[in-house]
Amino acid sequence: TDTAAADAVCNLWSSLGYDRAGFVYINDVAGEAYRTDLSSNCEVLGITVYPFVYDTGDANGIDLQIERLVLTGVRVVHSHILGLQDLRLVVEAAMAHNLLGPCDACASMWSVS
């Protein structure tokens, strides 16, 4: 369930000492439910979750959300992505904004469900 997965993600972040994280997710009922569970479970552990929602297939919207993510300074991200097309778009945007890839500034941790 989303609640169990969200709890596992929050516990991992807490065990690694993170107090802020990002959540990139698709704009649908399941994504919103996951965001709610993740925010609630992480809040109990003292972790602030910044949400970044996108519409499937919207490359410009995904890029905008990743740009917003960069502005928070958050380097720990979980994402709820459906489909390889959206996964590719999110990864490409993260690489374009130096959140992923072979660079010194890319010190970040991403997980996907």
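This section describes the strand pairing, nonpolar cores, disulfide and salt bridges of one structure. The model is predicted.

Strands S1 and S2 form a parallel pair joined by seven bridges. S1 covers residues 20-26, and S2 covers residues 48-54. Within this pairing, Phe23 is placed opposite Pro51 of S2. Helix H2 completes a β-α-β unit with S1 and S2, and the unit is right-handed. H2 itself spans residues 29-44.

The largest nonpolar core has 16 residues. Val24, Tyr54, Ile62, Ile66, Leu69, Val90 and Trp110 touch the most other members of this core. At least two core residues come from each of S1, S2, helix H3 (59-72) and H4. H4 gives the largest share, with four residues. In general, nonpolar side chains of soluble globular proteins tend to be buried together.

Ile66 illustrates the contacts made within this region. Leaving aside residues up to four places away in sequence, Ile66 touches Val24, Val90, Ala93, Ala94, His97, Leu99 and Trp110. A further core lies apart from the largest one. This other core has 13 residues, including Ala6, Trp13, Tyr25 and Ile47.

Gln65 is also part of helix H3. Its relative accessible area is 12%. Gln65 therefore counts as buried, the limit being under 20%. With residues up to four places away in sequence again left out, Gln65 touches Phe52 and Val53.

One disulfide is present in the structure. Cys10 and Cys42 form this link, with an S to S distance of 2.1 Å. Cys10 belongs to helix H1 (residues 2-15) and Cys42 to helix H2, so the disulfide ties together parts that lie 32 residues apart in sequence. The angle about the S-S bond is -95°, and the link is left-handed. Cys10 and Cys42 are both buried.

A search of the whole structure gives two salt bridges. As a general point, side chains of opposite charge can pair when their charged atoms come close. One salt bridge joins the side chains of Arg35 and Glu32, at 2.6 Å from N to O. What separates Arg35 and Glu32 along helix H2? They are three residues apart, which means a separation of about one helical turn. Arg35 is partly exposed, at 22% relative accessible area. Glu32 is partly exposed as well, at 32%.

The other salt bridge links Glu92 with Arg88. Here the closest N and O atoms are 3.1 Å apart. Glu92 and Arg88 both lie in helix H4 (residues 84-96). Because they are four residues apart in this helix, about one helical turn separates them. Glu92 has a relative accessible area of 42% and is partly exposed. Arg88, at 43%, is also partly exposed.

Several elements recur in these results. H2 takes part in the right-handed β-α-β unit. The same helix holds Cys42 of the disulfide, and it contains Arg35 and Glu32. H4 supplies four residues to the largest nonpolar core and contains the pair Glu92 and Arg88. S1 and S2 run parallel, and each supplies at least two residues to the largest core.

Conventions: Residues are numbered from 1 along each chain as its sequence is written. This is a predicted model: local features need pLDDT of at least 70, side-chain atom pairs count only at pLDDT 80 or more; totals for chains, interfaces and linings use all residues. Side-chain values use heavy atoms; hydrogens and water are left out. A salt bridge is a side-chain nitrogen of Lys or Arg within 4 Å of a carboxyl oxygen of Asp or Glu. Buried means under 20% relative accessible area, exposed over 50%, partly exposed in between (1.4 Å probe, protein chains only). A nonpolar core is a set of buried Ala, Val, Leu, Ile, Met, Phe, Trp, Tyr and Cys residues joined through side-chain atoms within 4.5 Å. Contact means heavy atoms within 4.5 Å. A disulfide is a pair of cysteine sulfur atoms within 2.5 Å. Two strands pair if DSSP finds at least two bridges between them. A crossover is right-handed if, with the strands pointing away from the viewer, the path from the first strand over the helix to the second runs clockwise.
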